[in-house]
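User: I have a protein chain in front of me and want to learn how to read it. Can we take it step by step?

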Amino acid sequence: MRDYADLHLCPPLDDVSNARSMADLLVELNTRTIGLVLPPERSERMMIVHEVFKNAGLEVARRVNLKPKSRNDLLRSLRRYRNQYEIVAVECSSFPVSRVAVRDRRVDIVYFPKTERSNPFHARLATTCRAALEINMSELISSSNSGRSLFGFQRDIETAVEASTTVIGSTMGSKPFDLRSPRDIASILNIIGLPLRDALNAVSAVPLSIVRSNRSRLKEPQLERGVRILGRSNRDA
């Protein structure tokens, strides 16, 4: 049986009742692991909402959404926040930012907002993409032009499949109405072009791997990438 994840939840940190309703529904939807967006400037409220989801039986990973205005802005944010969060995501609103974000190993997830002047996820980015491309369901729900958004997502999926870019599916939910079951998300991803096996992995194996690998890395932040401790001698105790 698969374990499922939704790594993009952004409930208002001042609304505990809303967070509790979301947590209860996520449990009903068989979601096990969540990525909770916790803005650095709201640290005084973060633990309250964090505990609401945790007490419902969910595995909670701390996520930061970086929305840099320039390449240098992104690099500064990565140096500052990489070791404070289990998930680092970048909103790619411009090509200079996207070009760095897709290649930087400190970035776990990239997502491309579907706006009137959106920055597309094209082949030049996909072929060098080390991060996971995130498809957010709430953009389909809330968009004033759902047809345009759907076409944009189809184009992103086609580009990702051709370049063998990893894809994850999330809700970007801020209230219970935004949430969807992981299998529903996988079905939508499959309909818009992602192979079925990859669509199921996009809501299970892939997001879970991101969380687990980063938790392991944060325990030993001084190690080089690809190196991990298998055991310690008595001298290290």
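User: In what order do the strands of the open sheet run, and what is the sense of the pairing?
Analyst: This is a predicted model. Seven strands make up an open sheet. Their pairing is parallel. The order is β1-β2-β3-β4-β5-β6-β7.

User: Which strands stand at the edges of the sheet?
Analyst: Look for strands with a single partner. Such a strand has one side left without a neighbour in the sheet, because nothing pairs there. The two that fit are β1 (4-9) and β7 (167-170).

User: What does the twist average from one strand to the next?
Analyst: The sheet is open and its pairing is parallel. From one strand to the next, the twist averages 30 degrees.

User: How many bridges join β4 to β5?
Analyst: β4 covers residues 87-91 and β5 covers residues 109-111. The two run parallel. Glu91 faces Tyr111 of β5 across the pair. The number of bridges is three.

User: Which residue of β4 stands opposite Val64?
Analyst: β3 and β4 also pair in the parallel sense, over four bridges. Opposite Val64 stands Val88.

User: Which residues of β4 point the other way from Ile87, Ala89 and Glu91?
Analyst: In a regular strand, side chains alternate between the two faces of the sheet. In β4, Ile87, Ala89 and Glu91 point one way. Five of the five residues of β4 are buried. Pointing the other way are Val88 and Val90.

User: How many residues of β2 are buried?
Analyst: β2 pairs with β1 in the parallel sense over four bridges. In that pair, Asp6 stands opposite Ile34 of β2. β2 is mostly covered. Of its seven residues, the buried ones number six.

User: Which helix touches β1, β2, β3, β4, β5, β6 and β7?
Analyst: Helix α8 (residues 182-191) lies across β1, β2, β6 and β7, at about 130 degrees to β7. Another helix, residues 205-219, packs on the sheet and touches β1, β2, β3, β4, β5, β6 and β7. Its direction makes about 90 degrees with that of β3. That helix is α10.

User: How far apart are the end C-alpha atoms of α1, and what span should its residues give?
Analyst: Helix α1 has 13 residues, 16-28. At 1.5 Å a residue, they should span 18 Å. The end-to-end value agrees with this. The end C-alpha atoms are 19 Å apart.

User: Within what arc do the buried residues of α1 fall?
Analyst: The buried residues are Asn18, Ala19, Met22, Ala23 and Leu26. Now look down the axis of α1. The buried residues line one face of the helix, because they fall within an arc of 135 degrees.

User: Which residue caps the N-terminal end of α1?
Analyst: Look for a side-chain oxygen by the backbone nitrogen of Ser17. The two atoms lie 3.4 Å apart. The oxygen belongs to Asp15.

User: What is the phi of Asn30?
Analyst: Asn30 follows α1. Its place is in the loop between α1 and β2. It is not a glycine, yet its phi is positive. The value is about 65 degrees.

User: Is Met172 buried or partly exposed?
Analyst: Met172 lies in the loop between β7 and α8. It too has a positive phi, about 55 degrees, although it is not a glycine. Buried means under 20% relative accessible area, and exposed means over 50%. At 23%, Met172 therefore counts as partly exposed.

User: How far apart in space are Ile192 and Asp156?
Analyst: Ile192 is in the loop between α8 and α9, and Asp156 is in helix α7. They are 36 residues apart in sequence. C-alpha to C-alpha, the distance is 9.6 Å.

User: Is Asp156 buried or exposed?
Analyst: Leaving aside neighbours within four places in sequence, Asp156 is in contact with Lys114, Phe121, Leu133 and Ile135. Its relative accessibility is 1%. Asp156 therefore counts as buried.

User: What share of the 237 residues is buried?
Analyst: The chain comes to 10 helices and seven strands. Among contacts between residues at least 6 apart in sequence, 72% join residues at least 24 apart. The buried share of the 237 residues is 46%.

Notes: Residues numbered from 1 in each chain as written. Predicted model: local features only at pLDDT ≥ 70, side-chain atom pairs only at ≥ 80, totals over all residues. Heavy atoms only, no water. Expected span 1.5 Å × (residues − 1). Buried < 20%, exposed > 50% of the residue type's maximum accessible area, 1.4 Å probe, protein only. Arc of directions from axis to C-beta. Polar contact = N/O pair within 3.5 Å; in protein donor to acceptor, adjacent residues only side chain to side chain. Pairing = 2+ DSSP bridges. Axes fitted to C-alpha atoms, helices over the stretch in contact; angles between N-to-C directions. Contact = heavy atoms within 4.5 Å.
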